[in-house]
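These are my notebook entries on a structure I went through. I set down what I looked up and what I found.

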Amino acid sequence: MIFIDNYDTFTDESANKKMSFFENTAGLIRNYQTAGVFMVVAGSLGILSASDDLRKVFTAPNFGLAMRSGDAVSRLNGKFPRSLADVELPMGRAFTVRSGITNMLQVATPYANDEDIEGSLDLWVKRIKDMHPQNHVQWLSQSDKKNVKTKKKGKEEAKSDAPEAKKGPDLSKYNITELKKKLIEAGLPESMIELLSDSDIVENARSFGLLDNKK
């Protein structure tokens, strides 16, 4: 699977460097699509008018996902429902268009609780991490790489000028069970609370004003 986000900027930057990239990648998709090589791109409506070879590849299947926009549905050769023409669509609402056939769906619900948007988004991130357990990926800048020194015995010692990570709260000072009850009374769904760590419980309680912020 080849994913390209923000295709508009991607094409501008890549075209200035090497046009052959588009030709070679388009050829790769055409030759090996039946073997399971696919491309998924995201961008503005302008990408449908691009002139590069890749545009011909990702528009060939006549399948697209239009987000909250009648114009996007039309550009994908679909029919936007008249009943929704003057309706403000909720976040995450989209339309799939496959060979002109349009279907409405909800791609995602960014947050379920308007009073605790950050908590809801954190819950989505936690669920994704739980579904895909693996070692955390760390991006190193060029300056970070220069600070990594290798010892003669083959062991690596990483030195960095970055500040130490902020330590979590001292959980021994809090009654977690009592805080969970207070969060439920404050409107946080019990199903969400059960997924949070004790440290997250404390931080959410603080954000709800249930704790003394000086603690």
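Entry 1. Does Y7 count as buried or exposed? I looked up its relative accessibility in this predicted model. At 1% relative accessibility, Y7 counts as buried, because the cut-off for that class is under 20%.

Entry 2. I then searched for aromatic pairs and found two in the structure. In one of them, the rings of Y7 and F58 have their centres 5.2 Å apart. Their planes stand at 80 degrees, so I recorded this pair as edge-to-face; the cut-off for that label is over 60 degrees. Y7 belongs to helix 1 (residues 7–17) and F58 to helix 3 (residues 53–59), so the pair ties together parts that are 51 residues apart in sequence.

Entry 3. I stayed with F58 and looked up its surroundings. F58 counts as buried, its relative accessibility being 13%. Setting aside neighbours within four places in sequence, I found F58 in contact with Y7, V41 and I47. Of these partners I checked V41 further: the C-alpha atoms of F58 and V41 are 7.5 Å apart in space, with their positions 17 residues apart in sequence.

Entry 4. Next I took an inventory of the chain. I noted nine helices and seven strands. Of the 215 residues in the protein chain, 22% are buried. I also looked up the contacts with a separation of 6 or more: residues 24 or more positions apart account for 48% of them.

Entry 5. How many salt bridges does a search of the whole structure find? I obtained two. Side chains of opposite charge can pair when their charged atoms come close. I treated the pairs one at a time.

Entry 6. One salt bridge joins K126 and D130, with the closest N and O atoms 3.0 Å apart. I located both residues in helix 5 (residues 117–131), where they are four residues apart, about one turn of the helix. K126 has 24% relative accessibility and counts as partly exposed. D130 is also partly exposed, at 49%. I compared these values with the class limits: partly exposed runs between the 20% and 50% cut-offs, so the value of 49% for D130 falls within that class.

Entry 7. I also looked for charges over aromatic rings. R127 lies over the face of W124, and I noted a distance of 5.6 Å from the ring centre.

Entry 8. The other salt bridge is formed by R206 and E203, the closest N and O atoms being 3.4 Å apart. Both residues lie in helix 9 (residues 198–207), three residues apart, about one turn of the helix. I looked up the exposure of each partner. R206 is buried, with a relative accessible area of 16%, whereas E203 is partly exposed at 38%.

Entry 9. I asked which other side chain R206 meets through a polar contact, and where. The side chain of Y174 is joined to that of R206 by a polar contact of 3.2 Å. I then listed the buried residues of helix 9, which are I201, V202, N204, A205 and R206. After helix 9 comes G209, and I recorded its phi as positive, near 80 degrees.

Entry 10. Which residues of helix 7 (residues 176–185) are buried? I found I176, L179 and L183. Seen down the axis of helix 7, these buried residues fall within an arc of 55 degrees, so they line one face of the helix. I then turned to the face directed away from the buried side, and there I noted the exposed residues T177 and E185.

Entry 11. Finally, I examined what borders helix 7. N175 caps the N-terminal end of the helix, and I found a side-chain oxygen of N175 at 3.3 Å from the backbone nitrogen of T177. T177 is thus noted twice, as it is also an exposed residue on the face turned away from the buried side. Helix 7 is followed by G187, whose phi is positive, near 110 degrees.

Terms used. Residues are numbered from 1 along each chain as its sequence is written. This is a predicted model: local features need pLDDT of at least 70, side-chain atom pairs count only at pLDDT 80 or more; totals for chains, interfaces and linings use all residues. Side-chain values use heavy atoms; hydrogens and water are left out. A salt bridge is a side-chain nitrogen of Lys or Arg within 4 Å of a carboxyl oxygen of Asp or Glu. Helices (H or I, at least four residues) and strands (E, at least two) are DSSP runs, numbered from the N terminus. Buried means under 20% relative accessible area, exposed over 50%, partly exposed in between (1.4 Å probe, protein chains only). The arc is that of the directions from the helix axis to the C-beta atoms. A polar contact is a pair of N or O atoms within 3.5 Å; within protein, one must be able to donate a hydrogen and the other to accept it, and residues adjacent in sequence count only if both atoms are side-chain atoms. Rings of Phe, Tyr and Trp (its six-membered ring) pair if their centres lie within 6.5 Å; planes under 30 degrees apart count as stacked, over 60 as edge-to-face and the rest as tilted. A charge sits over a ring if NZ of Lys or CZ of Arg is within 6 Å of the ring centre and within 35 degrees of the ring normal. Contact means heavy atoms within 4.5 Å.
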